[in-house]
Amino acid sequence: MIGTLQEKDLNSFAGYCIAYYSFLMEHHDNEEEIVFPAFTEPLGKDYFKELLHVHEIIMPALNRIRTISEATLKDVKQWDNETILKDLKDLRELLVPHFKIEEDTMKNNKLLEEKGFDEKKMAKVLHDIEKNNKKVKSNL
Ligand SMILES: [Fe+2]
């Protein structure tokens, strides 16, 4: 089992894994539909190549985690500890540096400002994310 996880905890942990999946999908949808297109003008299309590549290559692991977790909620015997553990470790390895690049880009106002991306444009990006998140949540 993962860490101190016990069979009695599998339903809760499977629910957590589904929430993790949903969070990452929403996060990546916001980036791909709102943030990256807005930042493409100041930073250039190539800046996002590797970030988009990571979004793509994590999908098989993310989908496996969701599928196994949903099956586990119906039947606890469907839990595949070895696969989930490997997928979570792989995701951690890929996503920690990925989030660091994204955070550094968002925080680097100087670079964005030098390229003409001012506070007004950033406020619009944040507003559009907020609007999209409300739309997603109303569909849950
Ligand atoms: Fe991302």
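Contacts between residues 24 or more positions apart account for 76% of the chain's contacts with a separation of 6 or more. The model is predicted. The chain has 140 residues, of which 11% are buried. Its C-alpha atoms fill a box of roughly 55 × 30 × 20 Å along the principal axes. Six helices and zero strands are present. The pattern along the sequence is therefore α-α-α-α-α-α, with helices numbered from the N terminus.

Two helix pairs were examined, both involving helix 3. Two packed helices are described by the angle between their axes and the distance between the axes. Helix 1 packs against helix 3 at an angle of about 145 degrees, and the two axes are 9 Å apart. The crossing of this pair is left-handed. From helix 1, the contact draws on Leu 10, Asn 11, Ala 14, Gly 15, Cys 17, Ile 18, Tyr 21 and Leu 24. Helix 3 contributes Leu 62, Ile 65, Arg 66, Ser 69, Glu 70, Thr 72 and Leu 73. By class, the residues of the contact of helix 1 with helix 3 comprise nine nonpolar, four polar and two charged.

The second pair joins helix 3 (residues 59-74) to helix 4 (residues 81-107). Their packing angle is about 145 degrees, and their axes lie 9 Å apart. Helix 3 passes helix 4 in a left-handed crossing. On the helix 3 side, the contact residues are Ala 61, Arg 64, Ile 65 and Ile 68. They meet Thr 83, Ile 84, Asp 87, Asp 90 and Leu 91 of helix 4. This contact of helix 3 with helix 4 holds five nonpolar residues, one polar residue and three charged residues. Ile 65 of helix 3 takes part in the contact with helix 4, and Ile 65 also belongs to the contact of helix 1 with helix 3.

Ile 65 is also one of the six residues of the largest nonpolar core. The other members are Leu 10, Ala 14, Cys 17, Trp 79 and Ile 84. Helix 1 (residues 10-43) supplies three residues, the largest share of this core. Leu 10, Ala 14 and Cys 17 appear in the contact of helix 1 with helix 3 as well. Ile 84, on the helix 4 side of the contact with helix 3, touches Ile 2, Ile 65 and Ile 68 when residues up to four places away in sequence are not counted.

Val 35 is another residue of helix 1. The site is classed as buried because 21 other C-beta atoms lie within 10 Å of Val 35, and the cut-off is 20 or more. Leaving aside neighbours within four places in sequence, Val 35 contacts Asn 30 and Val 125. Val 35 and Leu 91 are 56 residues apart along the chain, and their C-alpha atoms are separated by 22 Å.

Helix 6 (residues 119-138) spans 20 residues. From first to last C-alpha, helix 6 reaches 29 Å, close to the 28 Å expected at 1.5 Å a residue. The number of buried residues among its 20 is zero, so helix 6 lies largely in the open. Lys 135 is located in helix 6. Lys 135 has 9 other C-beta atoms within 10 Å and is therefore exposed, the cut-off being 12 or fewer. Between Lys 135 and Glu 41, the separation is 94 residues in sequence and 26 Å in space, C-alpha to C-alpha.

How values were computed. Residues are numbered from 1 along each chain as its sequence is written. This is a predicted model: local features need pLDDT of at least 70, side-chain atom pairs count only at pLDDT 80 or more; totals for chains, interfaces and linings use all residues. Axes are lines fitted to C-alpha atoms, for helices over the stretch in contact, and angles run from 0 to 180 degrees between N-to-C directions. Helices (H or I, at least four residues) and strands (E, at least two) are DSSP runs, numbered from the N terminus. A crossing is left-handed if the near helix is turned anticlockwise from the far one by less than a right angle, and right-handed if clockwise. Two residues are in contact if their C-beta atoms, placed from the backbone, lie within 7 Å. Ala, Val, Leu, Ile, Met, Phe, Trp, Tyr, Cys and Pro count as nonpolar, Asp, Glu, Lys and Arg as charged, and the others, Gly among them, as polar. A nonpolar core is a set of buried Ala, Val, Leu, Ile, Met, Phe, Trp, Tyr and Cys residues joined through C-beta atoms within 7 Å. The expected span of a helix is 1.5 Å times one less than its number of residues.
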